[in-house]
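Open the model in your viewer and keep the sequence panel visible. The tour below goes from one selection to the next.

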Amino acid sequence: MNTSTSDLEHKSVQTSYVAPDRTAASRATVDREVRRTVGEVRVAEPRIRCNDIHVYYGAAHAIKGVNLDVARNEVVAMIGPSGCGKSTFLRCLNRMNDTIDGCRVTGEILLDDRDINTRDIDVVPLRAQVGMVFQKPNPFPKSIWENVAFGPRIHGLARTRAQLDEIVESSLRRAGLWDEVKDRLDTPGTGLSGGQQQRLCIARTIAVQPEVILMDEPCSALDPISTAKIEELIDELRQHFSICIVTHSMQQAARVSQRTAYFHLGDLIEVGPTEQIFTNPQHKLTEDYITGRFG
Amino acid sequence: MSQYNLEGHTVRRYDGELNHVHLRVIELGGLALHQTRNALAALQERDVRLARSVIGREWEVNRLDVSIDDELISVIARRAPVARDLRIVMAFAKAVNELERVGDEANKVARLALQLFEGIRVDPGEALMWDVQSMGRRVLDLLERSMDALDRLDLLAARGVAGCQRELEAEFQAGMRRLSTYVMEDARNVGQVITLTQIIKALERIGDHARHVGEYVVYLVSGEDVRHRKCAPEEGAVDEGEPQDGG
């Protein structure tokens, strides 16, 4: 096949990215170059600002100098092939990588202008401020009420049972679960369906009044109806929170996010408005990935 | 085959589907071009039989149009195309629509040729036919270039076709002016001039459709939307209603 016009056009933006098979002689230059990202990584008033984030698992360099902002009231979708570092990057945002032996994170992660990637930060309130929803719903083996009330109670957000009741109800309502569980709040959370359990986990996350919600493939274990409910919920939650979602579903990223970031081998290759990424991506790697041209 | 890569999907059947749609679109383009060429030849040769054969093949254009639409709907439903693939599907869908209309206009030209030459009629003569033939040559050339750009998905060629609006308009206006002078010279020409005016209008429409196909190829290859560039109001300009475009 001849070189296409579009390939030629891509070369102008591709110069910032160099394929990983590098020679030692050029490594220093290449390492500096690969950090450039196509698209605007900065926003006017960021809730989160990441500056030059590197993550190492022992000797393995998993994230290579990523810069990215997350704005208020926006959903940023992070996409990329398995092992590209999107989940690792997501976990940097609430210091979840601290729990992994041998993992080292360098760089600056500013949450409302305060660097959270320093030793003096207490990760417990941080993880309330930056909540997380995981791939597999993981409700506590307690009642539905307890699942939601647990966080506010240990963080001292409520003093009385009435206040806790109010938080539980409002959180379950915001998670779109109240009508389905209001008559059985004392039954185990683990007895709910997969989709309901995931919404319970979201209710549990928002009960502690976070600023940012991180979602790591929140719908991958759910059926299409439950997925649609979560996506609808994400759209509503955006009014109050910033949301970062890692997903393997291109369609989900296209449906729920305002901006999309494409990761590849630890580099942030391209970031841009979701509509543009899914109609006219600027980087060939992004296009090849989202159109299914490499696996 | 195309310079632009429709292939390379991990799911190779997807490559096959897009390539197949492309071939069918080219087939439709070839048929529309053939119909236009024959309609113009029927006019030039006063060939009533050829004009009838153009009218008789109109259904083939319509059948291809429907069948390609079905294929495109299937690709959208099964593959959920994005990025380049989405542009391919959208551009093909739009181009198919334009090519079907080229077929309609060629059919119209053939019917008008019958109107001019069927039975015992007074031949309009070469002078009256001059503008139709001149417009016909220009439109045929534009349509051929447009099909070539669509076949090779050639950005440069497509840009060349998409930018031909002014020349087409000028040729049309000049033709209309000249034809009106024949009516002024001799009012008995009015019937033939009305028919020839309709033919020129149909040819201008074919030129517009060819130009639009070029615009869709530009969009497909580069992602740039070049439609309605001429009629976009300049910043600070007063909006005077609907912009006027040739198509």
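The stops that follow begin with chain A, cross a core that draws on both chains, and end in chain B. Keep in mind throughout that this is a predicted model.

**Stop 1: chain A as a whole**

Select chain A and colour it by secondary structure. There are 12 helices and 10 strands to find. Of its 295 residues, 46% count as buried. Among contacts between residues at least 6 apart in sequence, 69% join residues at least 24 apart.

**Stop 2: the four-stranded sheet**

Show the strands β2, β1, β4 and β5 of chain A. In that order they form an open sheet, and the pairing is antiparallel. β2 (60–71) and β5 stand at the edges with a single partner strand each, so one side of each has no neighbour in the sheet.

Now select residues 46–57 and 103–111 of chain A, which are β1 and β4. These two strands run antiparallel and are joined by eight bridges. Two pairs are useful for checking the register: A:Tyr56 has A:Arg104 as its bridge partner in β4(A), and A:His54 has A:Thr106.

**Stop 3: the turn between β4 and β5**

Follow β4(A) to its end and add residues 114–115, the strand β5 of chain A. The two strands pair in the antiparallel sense over two bridges, and A:Leu110 stands opposite A:Asp115. Together β4(A) and β5(A) form a hairpin with two residues between them.

What is the phi of A:Asp112, in the turn? It is positive, at about 50°. A:Asp113, in the loop between β4 and β5 of chain A, also has a positive phi, about 70°, although it is not a glycine. Is A:Asp113 buried or exposed? A:Asp113 counts as exposed because it has 7 C-beta neighbours inside 10 Å, and the limit for exposed is 12 or fewer.

**Stop 4: the six-stranded sheet**

Next, select β6, β7, β8, β3, β9 and β10 of chain A. In that order they make an open sheet of six strands with mixed pairing. The edge strands are β6 (130–133) and β10 (267–273), each of which pairs on one side only. From one strand to the next, the twist averages 20°.

Add helix α8 (residues 194–206) of chain A, which packs on this sheet and touches β6 and β7 (212–216). The direction of α8 makes about 170° with that of β6(A).

Inside the sheet, pick out β3 (residues 75–79) and β9 (residues 259–264) of chain A. They pair in the parallel sense over four bridges. For a landmark, the bridge partner of A:Ala77 in β9(A) is A:Thr260.

**Stop 5: A:Met78 and the core**

Centre the view on A:Met78. Apart from residues up to four places away in sequence, A:Met78 touches A:Lys86, A:Phe89, A:Leu90, A:Cys244, A:Ile245, A:Val246, A:Ala261 and A:Phe263.

Which residues have the most contacts inside the largest nonpolar core? They are A:Met78, A:Cys244, B:Ala39, B:Val109 and B:Val217, in a core of 149 residues. Helix α4 (residues 83–117) of chain B gives the most to this core, with 16 residues.

**Stop 6: A:Ile167**

Before leaving chain A, select helix α6 (residues 161–174), where A:Ile167 is found. A:Ile167 counts as buried because it has 22 C-beta neighbours inside 10 Å, and 20 or more is the limit for buried. Leaving aside its neighbours within four places in sequence, A:Ile167 is in contact with A:Ala149, A:Pro152, A:Leu157, A:Ala158 and A:Ala207. The C-alpha atoms of A:Ile167 and A:Ala149 are separated by 7.4 Å, while the two residues are 18 apart along the chain.

**Stop 7: two helices of chain B**

Switch to chain B and select helix α1 (residues 12–45) and helix α2 (residues 48–56). They pack at an angle of about 155°, with their axes 8 Å apart. That makes α1(B) roughly antiparallel to α2(B), and the crossing is left-handed.

Show side chains at the contact. From α1(B) come B:Gln35, B:Asn38, B:Ala39, B:Ala41, B:Ala42 and B:Glu45, which meet B:Leu50, B:Ala51, B:Ser53 and B:Val54 in α2(B). B:Ala39 is also among the residues with the most contacts inside the largest nonpolar core.

**Stop 8: B:Ala80**

Finish in the loop between α3 (58–79) and α4 of chain B, where B:Ala80 lies. Phi of B:Ala80 is near 45°, a positive value in a residue other than glycine. With 13 C-beta neighbours inside 10 Å, B:Ala80 counts as partly exposed.

Notes. Residues numbered from 1 in each chain as written. Chains lettered and ligands numbered in written order. Predicted model: local features only at pLDDT ≥ 70, side-chain atom pairs only at ≥ 80, totals over all residues. Pairing = 2+ DSSP bridges. Axes fitted to C-alpha atoms, helices over the stretch in contact; angles between N-to-C directions. Contact = placed C-beta atoms within 7 Å. Core = buried A, V, L, I, M, F, W, Y, C linked by C-beta atoms within 7 Å. Parallel < 35°, antiparallel > 145°, perpendicular 65-115°, else oblique. Left-handed = near helix turned anticlockwise from the far one by under 90°.
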